[in-house]
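Visitor: Could you take me through the aromatic side chains in this one, close up? I'd like to hear about the rings and whatever sits against them.

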Amino acid sequence: MLPQTATTPVPTPVAHEDFMPLNGIDHIELYVGNAAQAAYFYTHAFGFRPVAYAGLETGLRDRTSQVLVQGRIRLVLTGTLVADTDVSRHHARHGDGVRVIALSVPDVDHAYTEAVARGARGVHEPFEIADDHGRVRQATIATYGDTLHTFVDRSDYDGPFLPGFAGVGETGAADGANGTGAADGDLLLAIDHVVGNVELGRMEEWVSFYEDVFGMVEMVHFSDEAISTEYSALMSKVVASGDGRIKFPINEPAEGKRRSQIDEYLQFYEGPGAQHLAVATRDIVGTVAELRRRGVGFLGIPDAYYDDVVARVPAVADQLDDLRRQGLLVDHDDEGYLLQIFTRPVGDRPTVFFEIIERHGARGFGEGNFKALFEAIEREQDLRGNL
Ligand code: FE2
């Protein structure tokens with residue numbers, strides 16, 4: 001029996017002491033098995049535009065990176081050129097996955113010093129790189145698993161991505177790379193949240209990490225009872241920056257009759273890591289129709305899901321046929337509603353996937369959909385022999 005879940009109020013995050021000002025997510029870097037083909041997938045299927053490139057032609061000898069933008073989202077796809085690099089080792093262990101969640105900060109040195117003083121493990125002390133376009137200061141700390149946070153200050157830089165990267169194409173690389181807003185035709189506008197999966201019993205530790213190191217505050221708490229199905233379950237807490245611009249839900253597996261989807265992730269990612277990137281759109285019906293046309297695969301939802309949608313969220317009554325046709329999920333809280341859908345895993349392993357989300361006031365994460373969603377995930381888990 002599943003308890004009622006949908007309407008846990010979301011408190012407004014208040015930062016009492018902003019020792020770690022964050023402008024937002026600067027970029028997400030994925031280490032992948034084949035950056036050229038991954039770039040083809042993210043441009044042709046997801047609608048990103050290539051803006052910058054680094055590799056042999058720019059003087060790199062051991063790796064290559066393709067930088068793609070859409071709206072204010074910047075994705076970096078990095079592959080290895082030789083056998084033994086941190087890229088090849090990361091890929092061998094994890095498959096395609098998120099290596100860096102880079103955060104734009106006003107002061108890299110301050111951010112790094114504060115983070116390390118507050119318990120983060122330093123990976124790269126502050127350093128500056130420069131080219132004809134200006135200079136960028138960066139530093140890196142570790143978070144869950146092999147995932148990193150890089151602090152970036154690009155306020156003195158107007159190149160396509162970072163010093164050392166060459167611009168690509170004729171599409172106004174600087175505009176896109178500087179995140180000056182959505183071009184006409186962008187399907188996806190911004191990163192809404194990035195979810196991390198951590199081991200059983202480690203969620204609290206990582207929530208405390210984001211509270212202690214970044215001054216983030218916990219937004220929502222759902223117990224395993226709130227988001228379990230007959231078979232599998234998870235626990236989830238969300239930490240957010242004071243202004244709510246950065247939201248990091250953290251999941252851990254919970255006991256169920258069968259194996260949790262988080263366990264499946266942890267097994268095939270071989271450890272903790274980023275589970276999904278949620279990207280915001282203003283027209284989810286049109287966006288998902290277009291993504292489907294371009295070949296993006298989404299989790300299917302049983303038709304019965306739509307039987308009580310209008311009763312739960314009357315505001316979507318006019319859209320019900322479109323929502324059903326596109327398989328969109330609907331949830332609400334005291335402040336509004338949201339529409340969302342989840343892709344199938346984007347790589348070979350049942351690990352990383354994307355969420356498309358359109359918010360109308362609601363500040364939750366679709367908890368009211370977890371039962372329908374988990375049942376859909378579990379049908380696919382069962383097909384993989386992992387339930
Ligand atoms: Fe999400």
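Guide: Sure, let's start with a charge on a ring: the charged end of R118 sits over the ring of F19, 3.3 Å from its centre. Bear in mind that this is a predicted model. There's another arrangement of this kind at R359, whose charged end sits over the ring of F365, 5.4 Å from the ring centre.

Now for rings against rings. Searching the whole structure turns up 17 aromatic pairs. Take F161 and F165: their ring centres are 4.8 Å apart and the planes meet at 85°, so this pair counts as edge-to-face, the cut-off being over 60 degrees. As for burial, F161 has 1% relative accessibility, so it counts as buried. F165 comes out at 15%, and that is buried too, because the limit is under 20%.

F209 and F214 make another edge-to-face pair, with centres 6.1 Å apart and planes at 70°. The centre distance still qualifies because rings pair within 6.5 Å. Both F209 and F214 are buried. They also belong to a wider group: ring pairs link Y144, F151, W206, F209, Y210, F214 and F248 into a cluster.

One last stop, away from the rings themselves. A240 lies in strand β12, which covers residues 233-240. A240 has a relative accessible area of 0%, so it is buried. Its C-alpha atom is 8.8 Å from that of E211, and A240 and E211 are 29 residues apart along the chain.

How values were computed
Residues are numbered from 1 along each chain as its sequence is written. This is a predicted model: local features need pLDDT of at least 70, side-chain atom pairs count only at pLDDT 80 or more; totals for chains, interfaces and linings use all residues. Side-chain values use heavy atoms; hydrogens and water are left out. Helices (H or I, at least four residues) and strands (E, at least two) are DSSP runs, numbered from the N terminus. Buried means under 20% relative accessible area, exposed over 50%, partly exposed in between (1.4 Å probe, protein chains only). Rings of Phe, Tyr and Trp (its six-membered ring) pair if their centres lie within 6.5 Å; planes under 30 degrees apart count as stacked, over 60 as edge-to-face and the rest as tilted. A charge sits over a ring if NZ of Lys or CZ of Arg is within 6 Å of the ring centre and within 35 degrees of the ring normal.
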